[in-house]
Amino acid sequence: MTTETAVPQDRLKLSEKLGYGVGDMGFNFYWANISAFLLIFYTDVFGISAAAAGTMMLITKIIDAFTDPMMGAIADRTKTRMGKFRPYLLWLALPLAGAGVLTYSTPDLGPGGKLVWAYCTYSLLMLTYTAINIPYSALSGVMTRNSQDRTTLVSFRFIGGFTGGILVTYLTPKLVVLLGQGDEILGWQLTMGFFGIAAALLFLFTFASTKERIQPVSENNSAVLQDLKDLKNNKPWLVLFSLALIIMITITMRASSGTYYFKYYVMRPELVGEFLSSYMFALL
């Protein structure tokens, strides 16, 4: 059982709503890139098979089903003078950027070594992403008690998220060419470094412009692992997990297949950015 305590407050200012919204723009600098380009990077640049890359991404998504609630339980138990959720935006902004660069790096290894590298770096990226994204998602619930403001925060978040997706899908192919100057391996590294720094700055802006006003008071003292064990008996959660897994696979397949379609069927890879950004704009 959980109750909330809070002091009376004014409505949220526009600056705080914008500050929260741009955080999801930063997250889509990673999420949209992974959905649209990671698979073709693994097969055409990194040098592993589509089956191996697809299997790895599926396994990682299944693991996410357990790391997400675990991170939620950890964040809910976090206590600092900066709050429960905001500190993760400060602590993990740069580690997430580093994990992104490592994931899109191509070491000089054999086929087996490359597969191990891909599993390790992509798992690190997704674990770090989860560790900062879950607290960010929970942040809107403790910024205000006003239900209309909470709804507005979610609206600002999704506007920021789709805007980030449009920018990433349009700019990524062009940045790889521009920054790599003919070296595709270097181009991907520098592109992810660029997006990582940009995302880190957005996370820091969200951290600085938001405030946790509500202090949830939980009477549940169960351990994190016990919370996870309880999930296996939670039928609604199992249904939502299955649905979310299908949705994530569908989104990734749709975006990833578009890159292959334009490169190998239409024979116009330069149109990938325009197509995917138009697709994201339609979703917005």
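**T78 and the fold around it**

Guide: In this predicted model, T78 is buried, with a relative accessible area of 9%.

Visitor: Why is T78 called buried?

Guide: The term applies to residues under 20% relative accessible area, and T78 has 9%, so T78 counts as buried.

Visitor: Where in the chain does T78 lie?

Guide: T78 belongs to the loop between helix 2 (50-76) and helix 3 (86-91).

Visitor: What makes the pairing of the side chains of T78 and Y88 a polar contact?

Guide: A polar contact requires a pair of N or O atoms within 3.5 Å, one able to donate a hydrogen and the other to accept it; the side chains of T78 and Y88 make such a contact at 2.6 Å. In addition, a polar atom of the T78 side chain lies 3.0 Å from the backbone oxygen of I74.

Visitor: Which residues does T78 touch, not counting those up to four places away in sequence?

Guide: With that exclusion, T78 touches G83, K84 and Y88, where contact means heavy atoms within 4.5 Å.

Visitor: Turning to the whole protein chain, how many helices and strands are there?

Guide: The protein chain has 10 helices and two strands, and from the N terminus the elements follow the order β-α-α-α-α-α-α-α-β-α-α-α.

Visitor: Why is the protein chain described as being as compact as a globular protein of that length?

Guide: Its radius of gyration is 20 Å, close to the 19 Å that the globule rule gives for 284 residues, and therefore the protein chain is as compact as a globular protein of that length. Of these 284 residues, 45% count as buried.

Definitions and conventions. Residues are numbered from 1 along each chain as its sequence is written. This is a predicted model: local features need pLDDT of at least 70, side-chain atom pairs count only at pLDDT 80 or more; totals for chains, interfaces and linings use all residues. Side-chain values use heavy atoms; hydrogens and water are left out. Helices (H or I, at least four residues) and strands (E, at least two) are DSSP runs, numbered from the N terminus. The radius of gyration is taken over C-alpha atoms; the globule rule is 2.2 Å times the number of residues to the power 0.38. Buried means under 20% relative accessible area, exposed over 50%, partly exposed in between (1.4 Å probe, protein chains only).
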